[in-house]
Amino acid sequence: MKTDVEIYSPVQQIKDQLFEDKGISVYIKRDDLIHPMISGNKWRKLKYILKAASAASKTHLVTFGGAYSNHLLATAAAAAKFGFKSTGIVRGEEVENDTLLLCRLHGMNLIFTDRESYRDKPAVFNKYFSDDTDAFFIDEGGAGTDGAKGCAELANELTETYDHIFCACGTGTTAAGIINGLQSHGLNTQFNAVPVFKNGSFMRGEIDKYLSAPADYTLHTAYDFGGYAKVNAELIAFIKSFVANTGILIEPVYTGKMLYAVYDLAAKGYFKPGNKILAIHTGGLLGLLGMKGKF
């Protein structure tokens, strides 16, 4: 089974007076343009997972996520595109929302499970699918070595060198993959991960699990805005301003926080004059649907 999409992810410069004043240049890699539903790191993480499922002759993708999970939607869309069945195990009480509607439209069956049971995902999988020989387990967010392998390929697409690369960090898989890719090309670029969880220093352990070799990278843990999917007026104002001034749509769960960090660090003199910085847009724009009331 062929399980590839054509990658379209251009790099664009972000013009801002702040960056000119600091003598730096900032660019953004538009992984959000890869696919309308399987966008950004969602496709990169799913690529080798789908190949593994196909190689094992599995035809039913089973994965996990919250009620507004971009990963659930990306898996549903990928399953529809490449001829798999799909089931999403949704954390929490049964609800209806725009994201889950789109999952269902792509043919995904949804099973809601209480939050305590959800913690043990293999047990939940076995509860429903232990007798289904076609079922293939995919961890929440596409976390794992196959996910990191796909994310590493981002480095293959870079046509210029950068002093810094920034990426939002949820499971650690994308960050680890990009670091692995940079190392495989012998690049000395400083990688900067921006955890979206409160007290995000634990993310170093998550990233390190998927590294192919020890690496030096920086965690910026001051930009969680209270925790996962938490926002405040300052972040929302930044996102509104950024979108209006650049025409690049971002959301507040991942890329919005990461770009806020880039602007804040620039203002504080973190970068050296002449530095080139690349921010990774990890897609997931439909996450805005769960935040409509904040705007």
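**Exercise 1. Is Ser57 buried or exposed, and at what relative accessibility?**

Before starting, note that this is a predicted model, in which local features need pLDDT of at least 70 and side-chain atom pairs count only at pLDDT 80 or more, while totals for chains, interfaces and linings use all residues. Residues are numbered from 1 along each chain as its sequence is written, and side-chain values use heavy atoms, with hydrogens and water left out.

Solution. Step one is to recall the cut-offs: a residue is buried under 20% relative accessible area, exposed over 50%, and partly exposed in between, with a 1.4 Å probe and protein chains only. Step two is to apply them: Ser57 has a relative accessibility of 57%, so Ser57 counts as exposed. Step three is to place the residue, which sits in the loop between H2 and strand E3 (60-65); helices (H or I, at least four residues) and strands (E, at least two) are DSSP runs numbered from the N terminus. Step four is the backbone, where phi of Ser57 is near 60°, a positive value in a residue other than glycine. Asn199 can be treated in the same steps: Asn199 lies in the loop between strand E8 (190-195) and H9, has a phi near 55°, again positive in a residue other than glycine, and is exposed, with a relative accessible area of 60%.

**Exercise 2. Determine how many disulfides the model has, and describe the surroundings of its cysteines Cys151, Cys167 and Cys169.**

Solution. A disulfide is a covalent bond between the sulfur atoms of two cysteines. The working rule asks for a pair of cysteine sulfur atoms within 2.5 Å, and by this rule the count comes to 0. For Cys151 the nearest cysteine sulfur, that of Cys167, is 7.8 Å away, and for Cys169 the nearest cysteine sulfur, again that of Cys167, is 7.1 Å away. Cys151 is buried at 1% relative accessibility, Cys169 is buried with a relative accessible area of 1%, and Cys167 is buried at 0%.

Next, place two of them among the elements. Cys167 lies in strand E7, and, where contact means heavy atoms within 4.5 Å, Cys167 touches residues including Ile178, Phe191, Val194, Met258 and Thr282, leaving out residues up to four places away in sequence. Cys151 is one of the buried residues of helix H7 (residues 145-152), together with Gly147, Ala148, Gly150 and Ala152, and what covers these buried residues includes H2 and H8.

**Exercise 3. Describe the largest nonpolar core and say which element supplies the largest share of it.**

Solution. In soluble globular proteins, nonpolar side chains tend to be buried together. A nonpolar core is here a set of buried Ala, Val, Leu, Ile, Met, Phe, Trp, Tyr and Cys residues joined through side-chain atoms within 4.5 Å. The largest such core has 33 residues, of which Ile14, Phe166, Phe238, Phe242, Met258 and Leu259 touch the most other members. Strand E2 (25-30), E7, helix H10 (233-246), helix H11 (255-267) and strand E10 (276-281) each supply at least two residues, and the largest share, 8 residues, comes from H11. To see one member at work in this picture, take Leu259, which touches Ile14, Ile28, Phe238, Phe242, Ile250 and Ala279, not counting residues up to four places away in sequence. A second, separate core of 25 residues includes Met203, Ile207, Tyr210 and Leu211.

**Exercise 4. Describe the largest pocket, and then examine the contacts of His71 and Lys121.**

Solution. On a 1 Å grid over the protein atoms alone, a pocket is an open set of points where a 1.4 Å probe fits, with protein on both sides within 12 Å along at least five of seven lines, and lining residues have an atom within 4 Å of a point. The largest pocket holds about 1,100 Å³ of space, the volume being the space filled by probe spheres set on the points, which are joined across faces, edges and corners. Of its 47 lining residues, the closest to the centre are Gly66, Arg91, Glu140, Tyr228 and Tyr254. Elements that give two or more residues to the lining include helix H2 (41-55), helix H3 (70-82) and helix H8 (173-184). The lining divides into 17 nonpolar, 17 polar and 13 charged residues, where Ala, Val, Leu, Ile, Met, Phe, Trp, Tyr, Cys and Pro count as nonpolar, Asp, Glu, Lys and Arg as charged, and the others, Gly among them, as polar.

Now turn to the two residues. His71 is found in helix H3 and is buried at 8% relative accessibility, whereas Lys121 belongs to helix H6 (residues 121-129) and is buried at 12%. Leaving aside residues up to four places away in sequence, His71 touches residues including Phe64, Asp139 and Glu140, and Lys121 touches Phe64, Phe137, Asp139 and Glu140.
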